[in-house]
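Q: I'm new to this structure and would love a close look at the place where the ligand sits. Could you walk me through the surroundings of the ligand, step by step?

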Amino acid sequence: MQRTAHLDRLYGGLLVDGFDVESCHSRYQSAMYRRNPGRRPSPYLISKLRRHEALQRRCGPGTAAYSNALEQLKSGKSVASPECTYILSISYRGIGNRILAAASAFLYAVLTDRVLLIDPSNEMDELFCEPFPNTTWLLPPGFPLTDYANFSIDTAESYGNMVKNKVIRSDVGVTDDDVPTAAQLPAFAYVHLNYDATIEDNSFFCGDDQRLLRRIQWLVMRTDSYIVPGLFLVPAFQEELDALFPERDAVFHHLGRYLFHPNNHVWGLVTRYYDTYLAAARQRIGIQVRVFGGMPDSPELLEQITTCTQKEGLLPEVLPAAGEPILPASRARSKAVLVTSLKSWYYERMKSMYWELATATGEVVSLHQPSHEEFQQSGARSHEHKAWAEIYLLSLTDVLVTSGRSTFGYVAQGLAGVRPWVLYKAANSSAVPDPPCGRDVSMEPCFHKPPGHDCRLKQWADPSKDVPYIQHCDDAIWGLKLV
Ligand code: GDP
């Protein structure tokens, strides 16, 4: 069997032993499928995860602490020293967005000792195994904030609106003799960190605001992005983040491998496909072609993909039509290409090219695409299963080519632990970008809409100027990423 390289099924202690193996095959099998063992988690991250698991068990659904916290939420009043505090992550948009939102909320929960709860909608309860032993991370039915899934920029209880309307004040409670009483604080706040967040919403990333937020028992968070680089900007979190992640370019890599285990059905989709089409190849190349339902097939994008993969030496060039191969084709030098896309055209064209023409190197190139769903259908069960299986299959390849600005690709590269080749978005759809792709500076996802506001000076500021391990993203120049 090809997949021998890595036998550490717990990923260096990132995962804990003792889960029921039958309930989640992927948890302890996935390492067998990975040629790239990935980065090692720091001992401090491992110990912090074990402590967090204990917190989730002590305060999670079904416990007395959870019932008490729900009563408190129903009463609408804050309590001085709550036994447990919570953050609920809203699940919306595509699966890539939802995974990045959950990972972001989890890191925030770890940093602030909150219990993480996941909104089960959009099939979030049908895709993953439970990450924490002997408890659930899914929000149970009957949550008192019945309308939470519709919370938006206009919600009166959003932290940004409460600050703007002076319902709460972040400059109160900064010193110990200036602490707001519990009665001055709401039982919950909605944290709106969506693409359309206002300056007040983004004050979430400021130290004084974090001191205040700490005192609110329930937070509900909506984000469609990977807000983790923003957490690295909060001074109060920096020391802890340094200890947790001495390698700052591997934050999502560890969070992702810790949290997101395909459930048994999705794992069946992954392993059957992998074993049938990818396992035997000497090298596997994943190409993620992010297109949208209404877009016509684009010869320019096809050319961008073939130019990128051939110029960078990821796939062999082909000989002209009448060309004779220099070397006989050899199965020992085979490359399997996994294409994922909503459309089949790109895959069909590449497959035809490598059938009709010989490769210049004599390598055998096979192409495979698991599905072509044509349109995004977020929330439809079988569609979601396929999307998650395809992200996971991409993460099992050795080399990745991704579409710029796609959270689908970000999740795959983080789980894989590889820096992808990124297909840049064409400024003009009738031209092939030059260069067609570039190697990403890190495997971290990009935070597309980061705060651009200095907390102290209250004016626009570029955080990438002051923090050496945060850069603008190549695929979204206004975004920020950890490197
Ligand atoms: P993003 O929009 O590219 O950032 O990625 P998301 O995952 O958040 O949203 C795109 C959604 O479209 C996915 O969740 C899928 O539902 C669908 N989709 C896009 N590309 C693919 C693909 O290659 N394969 C499958 N099966 N679904 C896809």
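**A close look at the ligand site**

A: Happy to! Please keep in mind that this is a predicted model. Let's start with a backbone contact: in phenylalanine 408, a backbone N or O atom lies 3.5 Å from an oxygen atom of the ligand. Side chains take part as well. Serine 406 places a polar side-chain atom 2.7 Å from a ligand oxygen, and histidine 383 has a side-chain N or O atom 2.6 Å from an oxygen atom of the ligand. Taken on its own, the ligand has 560 Å² of accessible area, and the protein covers 95% of this.

Now let's see who the neighbours are. The ligand is surrounded by 16 residues, and the closest are Asn97, Arg290, His383, Ser406 and Thr407. Sorted by class, this shell holds 10 polar, four nonpolar and two charged residues. Four elements each give two or more residues to it: helix α4 (95-112), strand β6 (330-341), helix α14 (381-394) and helix α15 (407-416). On the level of domains, the ligand lies between domain 1 (21-259) and domain 2 (264-482), because both give residues to the shell.

Helix α15 deserves a longer stop. Since 10 of its 10 residues are buried, α15 is largely enclosed by the rest of the structure. Those buried residues include Thr407 and Phe408, along with Gly409, Tyr410 and Val411. Serine 406, which you met as a ligand contact, also caps the N-terminal end of α15. In this cap, a side-chain oxygen of serine 406 lies 3.3 Å from the backbone nitrogen of phenylalanine 408. Just after the helix, glycine 417 takes a positive phi of about 80 degrees.

Histidine 383 has a partner of its own, too. The side chains of histidine 383 and glutamate 373 are joined by a polar contact of 3.0 Å. You can find glutamate 373 in the loop between β7 (363-368) and α14. Its relative accessibility is 18%, and buried means under 20%, so glutamate 373 counts as buried.

Next, have a look at the loop between α10 (251-259) and α11 (264-278), where proline 262 is found. Proline 262 is buried, with a relative accessible area of 0%. Serine 30 is 232 residues away from proline 262 in sequence, yet their C-alpha atoms are 9.4 Å apart in space.

One more part to explore is strand β1 (residues 85-89), which is mostly covered, with five of its five residues buried. In a regular strand, side chains alternate between the two faces of the sheet. Here Thr85, Ile87 and Ser89 point one way, while Tyr86 and Leu88 point the other way. Strand β1 runs parallel to strand β2 (residues 114-118), and five bridges join the two. Within this pair, serine 89 stands opposite isoleucine 118.

To finish, here are some backbone details to look for. Most residues other than glycine have a negative phi, and most peptide bonds are trans. Tyrosine 11, however, has a positive phi of about 50 degrees, and lysine 166 has a positive phi near 60 degrees. Tyrosine 11 is buried at 5% relative accessible area, whereas lysine 166 is exposed at 64%. A cis peptide bond, with omega of about 0 degrees, joins aspartate 434 and proline 435. Proline 435 lies in the loop between β9 (421-423) and β10 (437-439).

Note on methods
Residues are numbered from 1 along each chain as its sequence is written. This is a predicted model: local features need pLDDT of at least 70, side-chain atom pairs count only at pLDDT 80 or more; totals for chains, interfaces and linings use all residues. Side-chain values use heavy atoms; hydrogens and water are left out. A residue is near a molecule or strand if one of its heavy atoms lies within 4 Å of it. A polar contact is a pair of N or O atoms within 3.5 Å; within protein, one must be able to donate a hydrogen and the other to accept it, and residues adjacent in sequence count only if both atoms are side-chain atoms. Accessible areas come from the Shrake-Rupley method with a 1.4 Å probe; for residues, only the protein chains shown count as cover. Ala, Val, Leu, Ile, Met, Phe, Trp, Tyr, Cys and Pro count as nonpolar, Asp, Glu, Lys and Arg as charged, and the others, Gly among them, as polar. Domain bounds come from an automatic or database domain assignment. Buried means under 20% relative accessible area, exposed over 50%, partly exposed in between (1.4 Å probe, protein chains only). Two strands pair if DSSP finds at least two bridges between them.
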